[in-house]
Amino acid sequence: MNVSQEIEKQQTKDQVMGQLENVIDPELGVDIVNLGLVYEIQLDDKDNVTVVMTLTAMGCPLAGEINQSVKDSLKELQEVGDIGEVAVDIVWNPPWSKSMMSRYAKIALNVHES
């Protein structure tokens with residue numbers, strides 16, 4: 001892959017992350033990016049996207065809703081042809097912790113640094 005293709009892939013990943021900021025965790029009221037739930041955006045050579053993410057707790061009753069919200073948030077990028085198919089891969093390693101939240105999320109949720 002040449003430098004231009006690498007830059008294009010990174011721009012696409014940045015676009016995906018930007019769209020994912022619109023996915024709000026229904027329980028916490030903060031987006032999944034600032035909560036630190038999105039670990040990685042993977043793109044294959046056909047620009048199919050896999051969002052590697054976690055949830056704040058195993059057995060989260062809203063897992064299906066969040067999964068669908070992720071896919072819905074990326075439909076716009078699919079419609080204009082920037083990305084292909086979207087998959088969500090929920091992982092539990094590394095385990096999520098409050099330290100993964102952005103400063104914005106910590107302020108919004110009144111989480112104090114320890």
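This tour moves through a predicted model one selection at a time, beginning with the sheet and ending at the C-terminal segment.

**Colour by confidence**

Begin by colouring the protein chain by pLDDT, which averages 93, with 99% of the residues scoring at least 70. Among the elements of the chain, strand 2 has the highest mean pLDDT, at 98, while helix 3 (residues 75–79) has the lowest, at 92.

**Select the three strands**

Next select strand 1 (38–43), strand 2 (49–53) and strand 3 (86–90), which together form an open sheet in the order 1-2-3 with mixed pairing. Strand 1 and strand 3 are the edge strands, each of them pairing on one side only, and neighbouring strands are turned by 20° against each other on average when direction is ignored.

In a sheet, strands pair through backbone hydrogen bonds, either parallel or antiparallel. Both senses can be followed here from strand 2, which pairs with strand 1 in the antiparallel sense over five bridges and with strand 3 in the parallel sense, also over five bridges. To find the register, pick Val 52, which has Glu 40 opposite it on the strand 1 side and Asp 89 opposite it in strand 3; a further pair to display is Thr 50, which stands opposite Ala 87 in strand 3.

**Add the helices that pack on the sheet**

Now show helix 1 (3–20) and helix 2 (63–73). Helix 1 packs on the sheet, where it touches strand 1 and strand 2, and its direction makes about 135° with that of strand 1. Helix 2 lies across strand 2 and strand 3, running at about 145° to strand 3.

**Look into the core**

With these elements on screen, turn to the largest nonpolar core, which has 27 residues, and display those with the most contacts inside it: Val 16, Leu 20, Ile 32, Val 51, Met 53, Val 70 and Leu 74. The elements that give two or more residues to this core are helix 1, helix 2 and strands 1, 2 and 3.

Which residues does Val 51 contact, leaving aside its neighbours within four places in sequence? Its contacts are Leu 20, Val 38, Glu 40, Ile 41, Val 70, Leu 74, Ala 87, Val 88 and Asp 89. A surface view of strand 2 gives the wider setting, since four of its five residues are buried and the strand is mostly covered.

**Go to the hairpin turn and Asp 47**

Strand 1 and strand 2 form a hairpin with five residues between them, and the residue to select in this loop is Asp 47. Most residues other than glycine have a negative phi. Asp 47, however, has a positive phi, near 60°.

Side chains of opposite charge can pair when their charged atoms come close. Asp 47 forms a salt bridge with Lys 9, with the closest N and O atoms 3.6 Å apart. Because Asp 47 lies in the loop between strand 1 and strand 2 and Lys 9 lies in helix 1, this pair ties together parts that are 38 residues apart in sequence. Asp 47 counts as partly exposed at 24% relative accessibility, whereas Lys 9, with a relative accessible area of 16%, is buried.

**Find the other charged pair**

The count of salt bridges comes to two, and the pair still to be shown is Lys 75 with Asp 72, whose closest N and O atoms are 3.8 Å apart. Lys 75 is partly exposed, with a relative accessible area of 39%, and Asp 72 is likewise partly exposed, with a value of 39%.

**Move to the cis peptide bond**

Select Asn 93 and Pro 94, which are joined by a cis peptide bond with omega about 0°. Pro 94 is found in the loop between strand 3 and helix 4. Most peptide bonds, by comparison, are trans.

**Finish after helix 4**

The last stop is the segment after helix 4 (103–108), where Val 111 is placed. Is Val 111 partly exposed or buried? At 21% relative accessibility, Val 111 counts as partly exposed, a value to be read against the cut-off for buried, which is under 20%. Apart from its neighbours within four places in sequence, Val 111 is in contact with Lys 98, Met 101 and Lys 106, and its C-alpha atom is separated by 16 Å from that of Ile 32, 79 residues away along the chain.

Asn 110 also lies in this segment and has a positive phi of about 55°, although it is not a glycine. With a relative accessible area of 56%, Asn 110 is exposed.

Terms used:
Residues are numbered from 1 along each chain as its sequence is written. This is a predicted model: local features need pLDDT of at least 70, side-chain atom pairs count only at pLDDT 80 or more; totals for chains, interfaces and linings use all residues. Side-chain values use heavy atoms; hydrogens and water are left out. A nonpolar core is a set of buried Ala, Val, Leu, Ile, Met, Phe, Trp, Tyr and Cys residues joined through side-chain atoms within 4.5 Å. Buried means under 20% relative accessible area, exposed over 50%, partly exposed in between (1.4 Å probe, protein chains only). Contact means heavy atoms within 4.5 Å. Two strands pair if DSSP finds at least two bridges between them. Axes are lines fitted to C-alpha atoms, for helices over the stretch in contact, and angles run from 0 to 180 degrees between N-to-C directions. pLDDT is the predictor's confidence in each residue, from 0 to 100. A salt bridge is a side-chain nitrogen of Lys or Arg within 4 Å of a carboxyl oxygen of Asp or Glu.
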